[in-house]
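Please open the structure in your viewer and display the backbone as a cartoon. The tour below proceeds by selection, one stop after another.

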Amino acid sequence: MSYNLSIEEENKEIAKRYKDLLKGAYQSFTDADKKEIRKAFDIALEAHKDQRRKTGEPYIFHPIAVAKIVAYEIGLDTTSIVAALLHDVVEDTDYTLEDIERLFGENVARIVNGLTKISHLKKDQDASVQAENFRKMLLTLNDDVRVILIKIADRLHNMQTMDAMPPDKQLKISSETLYIYAPLAHRLGLYNIKSELENLGLKYTEPDVYKDISNRITQSTEEHKKYIESFSNILKSTLDNEGFEYTIKGRRKSIYSIRKKMLSQGVSYDEIYDKFAIRIIYKSTIKKEKFDAWKIYSIVTDHFRPNPIRLRDWISQPKSTGYESLHITVMGPMGRWVEVQIRSERMDEIAEKGYAAHYKYKNKNEGETGLDDWLNKIKDSLENPNSNAVDFVEDFKLNLYSKEIFVFTPNGDLKALPKNATALDFAFSIHTQVGMNCRGAKVNGKLKPISHQLKSGDQVEIITAKSQKPNVGWLDFVVTARARTRIKNALNEDQKKIAEEGKEILTRKLRHLKINLTEKVVNELVVFFKLKTSLDLFYRMGNGSIDNNQLKEFISSRNSSIVNFFKNRIKRSKSVADTIDKNEVVDNYDSLVFGKEEEHLDYKMSQCCNPIPGDKVFGFITINDGIKVHKKDCPNAISLQANYAYRIINAKWIDSTKQEFRAIIKIHGVDHQGMANEITKVISTNMNINIHNLNISSSDGVFEGKITVSVKNKTQLQKISDSIKKIEGVDKVERIYKL
Ligand code: MN
């Protein structure tokens, strides 16, 4: 496409595009609104007058197009349309934020500021910088969700007009779109925009696949049309007789979703049977619309046999995006399963416009909608500036696409949680402290462990204990971003405490050896033990994984060789001399474990994707070559997982100093009152150790106890045994291997 218009034609085109902007908007405008929009347009036009887009078009085409998406497709208000017209003005021209505020007031200025901040984020390739950018972007949700909505519109138009960009930029922008913008659009209920972003993303990341699927769709268009016609013809007379006013439409699965399904189910295009759904949209009133939906359901199932396990009632319980609809799958003409979506015009509007329609219909007295609730939850998890940005975005993203379940609190309140959420996730969703102290749960009246996966309809009551606190194992089963962030923060706090103790221990031990703990010595120790930071060193001292013998080895190596000294000096310049008050505790992944039991097994790294410590990986049991470890996103992974699921073994990187194992201690002694109490107190207050099982018996004044504990290493176990031995009356403490 080349662009060549004369100045005159160009001005005409600009005027035409501007007029279009007000025509099909979702909201209606007062004269004052129209004046404000006109003013914004004039200023944007003037500000961008010397700029052109890569295509050669005048720059103003872009803000007009973004404003149009905002007005038509997202259906936002005047403030948003004005902000959309001005969104690149502060960024790219001489206008300042103060100018905007003076001309358009505080609201518009705040939104434009949010948008400018986002585009100021460093455009770096580095994953963590990237993630930090996304996090900052999500932070703007905190101020005004309209910032993100306009940003999504901006991204959509940029994706629509990306042909003129160089290929590397196309690829980068597309990946970013698929990574964060599409999931966000989905979560904000903008289903059409989400599909378009995904399709365009696929077009640039996998052009051949995209072309192939879109050709096949074009070829089958006629056939689909006929099918939908034959379907509606069967229903028509009954629906008409019942006096319904309705339309029946075919809704095709997007190219991207077809692709996704082909990959996830390992099938070809022809093998996908649900390429389109049929949508029945009817006129109704708020009062009657639910009743009408079930009436239509009844009519549809009179003619077509329903699949009983494919009924989804999003009317009685809307999704937290606000989506409402009744979905059934029926055996349609020609013996084909087809999904039928039944919804009123109002419900359809919400499904199409998401956010805007939601608020149009929202009754002020109804309280919070699912979307408000969600926005509040986000604000909450954003409040933790300490969490690692990559993790944060990963965790956050997980929650964007997840399906939902609904569970009840003991009072009968309904809570939406992502699928696979556990009792612990539920506890954190109630309150952070409830999560921190969660010991177990009563699910439908029965006692369950905190890792118990909840199902829709469960009634859940959380059991807490003051002594309970988070441990690293919790991260294996929680799925909500909120719970993950909270647990990670608590663990970091814990580690810092242990590290502080460790620093004191180290200082004391070195003093005995006549060495002062200077920064230089710390650096030498960090290098000697092959660690990353001083925090790692102090932490390992604190939990006992560096013992006296190892310290002595260090001393002798230090004294023995002057060569080592110089070596260390060179390395030292690379090792960071962190101090203990550094916020983030970095994981040292130094060991790979397999399966539920986290066993250490022999393995080889696969050549195709070369995983490194910290990567998300899985093990594949080969026939002749033992376990091969692949990255989860290895190009071979999908086919391996699809075809040889039974040969896949879970694998994960761990920090071996944080791994815990269980040990049983047997205690023998002469009983006295309060002895059991003293023992448990020694264990739970002195150290960071969890008690799993406690079994105490006493007869004829003889005391016998068996305690199962989690420890990180033998030194810790030794420490507990030593402290228990000191309790009055205890005469024997030993480790046993079976209860
Ligand atoms: Mn822009």
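Begin by selecting Met 605, which stands opposite Val 629 in strand β14. Please bear in mind throughout that this is a predicted model.

Extend the selection to the two strands concerned. β12 (603-605) and β14 (residues 627-631) pair in the parallel sense, and three bridges join them. Strands of a sheet pair through backbone hydrogen bonds, either parallel or antiparallel.

Next, display the whole sheet. In what order do its strands lie? The order is β11-β15-β13-β14-β12, an open sheet of five strands with mixed pairing. Select β11 (591-594) together with β12: these stand at the edges, and each has a single partner strand, so one side of each is left without a neighbour in the sheet. Viewed along the sheet, neighbouring strands are turned by 35° against each other on average, direction ignored.

Now move to the manganese ion. Which residues coordinate the manganese ion? Select His 62 (NE2), His 87 (NE2), Asp 88 (OD) and Asp 154 (OD), which do so at 2.2 to 2.5 Å. Along the chain, these donors follow the spacing H-x24-H-D-x65-D. Within this group, His 87 and Asp 154 link distant parts of the chain, being 67 residues apart: His 87 lies in the loop between α4 (78-85) and α5 (89-92), and Asp 154 in helix α8. Both His 87 and Asp 154 are buried.

Finish with helix α8 itself, residues 145-160. Its 16 residues reach 23 Å from the first C-alpha to the last, close to the 22 Å expected. Colour α8 by accessibility: the helix is mostly covered, with 14 of its 16 residues buried.

Key:
Residues numbered from 1 in each chain as written. Predicted model: local features only at pLDDT ≥ 70, side-chain atom pairs only at ≥ 80, totals over all residues. Heavy atoms only, no water. Helix = DSSP H or I, 4+ residues; strand = E, 2+ residues; numbered from the N terminus. Expected span 1.5 Å × (residues − 1). Buried < 20%, exposed > 50% of the residue type's maximum accessible area, 1.4 Å probe, protein only. Donors = N, O, S within 2.8 Å, 3.2 Å for Na, K, Ca; no water. Pairing = 2+ DSSP bridges. Axes fitted to C-alpha atoms, helices over the stretch in contact; angles between N-to-C directions.
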